Amino acid sequence: VKELRYKAGIDRSLRFLSELAAKYPNIKIKYDIYGSGPEIRNLKLMATVLETVNFAIDFKGEVTQAELVDIYPKYHFFICLSRMESLGLSFIEAAHFGLPPIISSAPGPTEIFGTKYKLRCKDEAQIETIIDQLYSVISDSTKYEELSNYSRDCTKPYLWKEWSSWYVKM
């Protein structure tokens, strides 16, 4: 759920998932991309090259905020290896629904999930490590549940009810 611009890093996410699919052919990966923007043509071209038997990519187009409530629960992870991010609202929304995010070291997501977050990719050289950590989480439902709960907990300070109660106290 992003505006498809270079800074959003969707191309990096595609390469990351392609490497995951190549290293672990026993898992099936379906990557749905919601949004539109100037990079869509390049991303679709990239997708045709990267898709394999165990890695499917689907461009879903734009969605409204209201539709997201029904969309997020259909997924297991949220990946966006942004080159630049402000607050990272899409990360907060996805994590609130229990989707552990796979993030870059961009400031917004790092502020939310911390510098020691297991699925935080600091740079291109670390991708192999993150791929192995992600596979470990995929393979172990207990690890997944822990990461899902941690992600949800990280979003609590950003929920509207937290902000509104803070303002009421003022």
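A cavity here is a set of grid points where a 1.4 Å probe fits but cannot get out. With that in mind, the largest cavity in this predicted model holds about 50 Å³ of space.

What surrounds that space? The lining of the largest cavity is made up of Arg 12, Leu 81, Ser 104, Cys 121, Lys 122, Asp 123, Glu 124 and Ile 127. Sorted by type, this lining comes out as 3 nonpolar residues, 1 polar and 4 charged. The charged ones are Arg 12, Lys 122, Asp 123 and Glu 124, while Ser 104 is the polar one. Leu 81, Cys 121 and Ile 127 make up the nonpolar share.

How many cavities of 30 Å³ or more turn up in total? The count is 2. The second largest has a volume of about 30 Å³, and its lining consists of Arg 5, Tyr 6, Ile 10, Asp 11, Glu 39 and Leu 43. Here the split is 3 nonpolar and 3 charged, with no polar residue in the mix. Tyr 6, Ile 10 and Leu 43 fall on the nonpolar side, and Arg 5, Asp 11 and Glu 39 on the charged side.

Stepping back to the whole fold, the protein chain has 8 helices and 5 strands. Read from the N terminus, the elements go α-β-α-β-α-β-α-β-α-β-α-α-α. The radius of gyration of the protein chain is 16 Å, close to the 15 Å that the globule rule gives for 170 residues, so the chain is as compact as a globular protein of that length. Taken along the principal axes, its C-alpha atoms fill a box of roughly 55 × 35 × 30 Å. Of the 170 residues, 45% are buried.

Strand 1 gives a closer look at how these pieces fit together. This strand covers residues 29-34, and 5 of its 6 residues are buried, so "mostly covered" is a fair description, given that buried means under 20% relative accessible area. Which way does strand 1 pair with strand 2, parallel or antiparallel? The two pair in the parallel sense, over 6 bridges, with strand 2 spanning residues 55-61. Within this pairing, Lys 30 sits opposite Ala 56 of strand 2. To get from strand 1 to strand 2, the chain passes through helix 2, which takes up residues 40-50. The resulting β-α-β crossover is right-handed.

Definitions and conventions. Residues are numbered from 1 along each chain as its sequence is written. This is a predicted model: local features need pLDDT of at least 70, side-chain atom pairs count only at pLDDT 80 or more; totals for chains, interfaces and linings use all residues. Side-chain values use heavy atoms; hydrogens and water are left out. Buried means under 20% relative accessible area, exposed over 50%, partly exposed in between (1.4 Å probe, protein chains only). Helices (H or I, at least four residues) and strands (E, at least two) are DSSP runs, numbered from the N terminus. Two strands pair if DSSP finds at least two bridges between them. A crossover is right-handed if, with the strands pointing away from the viewer, the path from the first strand over the helix to the second runs clockwise. On a 1 Å grid over the protein atoms alone, a cavity is a set of points where a 1.4 Å probe fits but cannot get out, and a pocket is an open set with protein on both sides within 12 Å along at least five of seven lines; lining residues have an atom within 4 Å of a point. Grid points are joined across faces, edges and corners, and a volume is the space filled by probe spheres set on the points. The radius of gyration is taken over C-alpha atoms; the globule rule is 2.2 Å times the number of residues to the power 0.38.
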